[in-house]
Amino acid sequence: MALFHCHVPSHHSASFTTLSPFSTFFTPKPPCVSSSSLTHQHPYPLSTTTELSSKPLSLSTLPRKLLCKPPQGKFVRQDYLVEKLSAKEVQDLVKGERDVPLIIDFYATWCGPCILMAQELEMLAVEYEQNVTIVKVDTDDEYEFARDMQVRGLPTVFFISPDPNKDAIRTEGLIPIQMMRDIIDKEM
């Protein structure tokens, strides 16, 4: 709410139109012109409180104009280092032979912490280059696979060692990048 302080000399007349207790419109009248000779029409005529209360005000009745196309909500682009895979591709990757740790990120496009985690995983992908394989699984696209993997919170990240004798490490929620480095360096 903006407050405007206007100084009106005593020889000027002024009119006030009150629409609500929080907004007051001040319209000064010129001293030499009578109100009957004013023919200026306001581009958006003001209505009184009785008119406002008789008509329901709805945002859907106001005209809308899009300034730009809204985003599609997909935060995984083709040029990202962390690749989005299907459930079948992830299962083949887990079962196959590999000599580097595998990190699987279960995420959703509408999840705020998942977006932050995606940024950290991109930094890890740059930092570790060929020493770690990092992939993503969209839980909205692969709902049954996420359910089978018992993903209940997002983001959920699995760290799978290339050594089949080591257990996988599972984290839920946003974790710091240094914690992920420690898991990769010390636990894998």
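Here is a friendly exchange about the predicted model shown above.

Reader: Good to meet you! What is the mean pLDDT of the protein chain, and what share of its residues reach 70 or more?
Author: Happy to start there, since this is a predicted model. The predictor's confidence can be given as an average and as a share of residues. For the protein chain, the mean pLDDT is 75, and the share of residues that reach 70 or more is 58%.

Reader: Where is the pLDDT below 50?
Author: One such stretch is residues 1-38, which has 30 contacts in the model beyond near neighbours in sequence. Another has 4 contacts of that kind, and it covers residues 47-53.

Reader: How many helices and strands does the protein chain have, and what pattern do they follow along the sequence?
Author: The protein chain has 5 helices and 7 strands. Read along the sequence, they come in the pattern β-β-α-β-α-β-α-β-α-β-β-α.

Reader: In what order do the strands of the open sheet lie?
Author: This sheet has 5 strands, and their pairing is mixed. One pair is β4 and β6, joined in the antiparallel sense over 5 bridges. From one side to the other, the order is β3-β5-β4-β6-β7.

Reader: Which strands stand at the edges of that sheet?
Author: The order of the open sheet is β3-β5-β4-β6-β7. A strand with a single partner has one side left without a neighbour in the sheet, so the edge strands are β3 (83-84) and β7.

Reader: Which residue in β6 is the bridge partner of Phe 106?
Author: β4 and β6 pair in the antiparallel sense, and β4 covers 102-107. In β6, the bridge partner of Phe 106 is Thr 156.

Reader: Let's turn to helix α5. Which residues of helix α5 are buried, and why do they lie on the same side?
Author: Helix α5 spans residues 177-187. Its buried residues cover an arc of only 120 degrees around the axis, which puts them on the same side of α5. The face turned away from the buried side carries the exposed residues Asp 185 and Lys 186. The buried ones are Ile 177, Met 180, Ile 183 and Ile 184.

Reader: What do the buried residues of α5 pack against?
Author: Met 180 is one of the buried residues of α5. Not counting residues up to four places away in sequence, Met 180 touches Met 117, Glu 120, Leu 121, Leu 124, Phe 159 and Ile 175. Taken together, the buried residues of α5 pack against β4 (102-107), α3 (112-128), β6 (156-160) and β7 (169-172).

Reader: Which element gives the most to the largest nonpolar core?
Author: The largest nonpolar core has 17 residues, and those with the most contacts inside it are Ile 103, Leu 121, Leu 124, Ile 134, Phe 159, Met 180 and Ile 184. The elements giving two or more residues to this core are α3, β6 and α5. With 5 residues, the element that gives the most is α3.

Reader: How many residues are in the other core, the one lying apart?
Author: Among the members of this other core are Leu 85, Leu 102, Val 135 and Val 137. The core has 13 residues.

Reader: Now for charges. How far apart are the N and O atoms where Asp 92 and Lys 88 meet in a salt bridge?
Author: Asp 92 and Lys 88 are 4 residues apart in helix α2 (residues 87-95), so they are separated by about one helical turn. Asp 92 counts as partly exposed at 42% relative accessibility, whereas Lys 88 is exposed at 54%. From N to O, the salt bridge spans 3.2 Å.

Reader: Which residue forms a salt bridge with Glu 172?
Author: The closest N and O atoms of this salt bridge are 3.0 Å apart. Glu 172 is partly exposed, with a relative accessible area of 44%. Its partner is partly exposed too, at 32%, and that partner is Arg 170.

Reader: Which residues do salt bridges with shared partners join into one network?
Author: The structure holds 7 salt bridges, including the pair Glu 172 and Arg 170. Where salt bridges share partners, they join into one network Lys 84, Asp 138 and Asp 141.

Reader: One last item: are Arg 147 and Asp 148 exposed or partly exposed?
Author: These two form a salt bridge, with the closest N and O atoms 3.7 Å apart. Exposed means over 50% relative accessible area. At 48%, Arg 147 is therefore partly exposed, while Asp 148, at 54%, is exposed.

Technical notes
Residues numbered from 1 in each chain as written. Predicted model: local features only at pLDDT ≥ 70, side-chain atom pairs only at ≥ 80, totals over all residues. Heavy atoms only, no water. Salt bridge = Lys/Arg side-chain N within 4 Å of Asp/Glu carboxyl O. Buried < 20%, exposed > 50% of the residue type's maximum accessible area, 1.4 Å probe, protein only. Arc of directions from axis to C-beta. Contact = heavy atoms within 4.5 Å. Core = buried A, V, L, I, M, F, W, Y, C linked by side-chain atoms within 4.5 Å. Pairing = 2+ DSSP bridges. pLDDT = per-residue confidence, 0-100.
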